[in-house]
Amino acid sequence: MVAAVVLMRAERDHIKRAAQEVAGIEGVAEVYSVSGEWDLVAIIRVDAWEKIATVVTEGLAQIAGLQRTQTLVAFRVYSAQDLESAFDMFE
């Protein structure tokens, strides 16, 4: 599984609709409305690196009202379930 986080800035009147449309894109696991510099954060989970590009360039790019995005590709994913083993790499 490959993961990425996409930060999105949207026009104020389009935030809710844009979030709903983003949530409907295949490969988008979750969308959060957030405060601060960015309006929305999407979590992408796909089975291949190339699919991140498809989600971003073919999916998100088609959403009206999105002004800017920044994609952060995850190298490793850690969760509470595997927190203990996550730090084994430092030993």
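What share of the 91 residues in the chain is buried? I looked this up before anything else, and the answer is 33%. A reminder to myself: this is a predicted model, and I read every value below with that in mind.

**Entry 1: the layout**

I listed the elements and found three helices and four strands in the chain. Read from the N terminus, their order is β-α-β-β-α-β-α. I then turned to contacts with a sequence separation of 6 or more, and 68% of them are between residues 24 or more positions apart.

**Entry 2: strand pairing**

I began with β1, which covers residues 2-10. This strand pairs with β3 in the antiparallel sense, over seven bridges. A4 is the residue I used to find my place, and it stands opposite I44 in β3. β1 also pairs with β4, again antiparallel and over seven bridges; here M8 stands opposite T69 in β4. I checked the cover on β1 too, and seven of its nine residues are buried.

Next came β2 and β3, which run antiparallel and are joined by five bridges. E30 has I43 in β3 as its bridge partner. The two strands make a hairpin, with six residues between them. I paused at G36 in the turn, which has a positive phi of about 105°.

**Entry 3: helix α2**

Which residues of α2 are buried? In this helix, residues 49-59, I found I52, V55, V56 and G59. They sit on the same side of α2 because they cover an arc of only 115° around the axis. That fits the textbook picture: an α-helix has 3.6 residues a turn, so residues three or four places apart point the same way. On the face turned away from the buried side I noted the exposed residues E50, T57 and E58.

I also asked what the buried residues of α2 pack against. The answer is β1, β2 (28-33), β3 (40-46) and β4 (66-73).

**Entry 4: the nonpolar core**

The largest nonpolar core holds 20 residues. Those with the most contacts inside this core are V6, M8, V22, V28, I44, L60 and L66. β1, α1 (15-23), β3 and α2 each give at least two residues to it. The largest share, five residues, comes from β1. Nonpolar side chains tend to be buried together in soluble globular proteins.

I took a closer look at V28. Leaving out residues up to four places away in sequence, V28 touches V22, A23, A42, I43, I44 and V55.

**Entry 5: rings and charges**

How many aromatic pairs does a search of the whole structure find? I got zero. W38 does have company of another kind, though: the charged end of R9 sits over its ring, 5.2 Å from the centre.

**Entry 6: D13**

Is D13 buried or exposed? D13 lies in the loop between β1 and α1. Its relative accessible area is 75%, and the cut-off for exposed is over 50%, so D13 counts as exposed. I also looked for a partner far along the chain and picked G65. D13 and G65 are 52 residues apart in sequence, yet their C-alpha atoms are 8.1 Å apart in space.

Conventions
Residues numbered from 1 in each chain as written. Predicted model: local features only at pLDDT ≥ 70, side-chain atom pairs only at ≥ 80, totals over all residues. Heavy atoms only, no water. Buried < 20%, exposed > 50% of the residue type's maximum accessible area, 1.4 Å probe, protein only. Arc of directions from axis to C-beta. Contact = heavy atoms within 4.5 Å. Phe/Tyr/Trp six-rings, centres within 6.5 Å; stacked < 30°, edge-to-face > 60°. Lys NZ or Arg CZ within 6 Å of the ring centre and 35° of its normal. Pairing = 2+ DSSP bridges. Core = buried A, V, L, I, M, F, W, Y, C linked by side-chain atoms within 4.5 Å.
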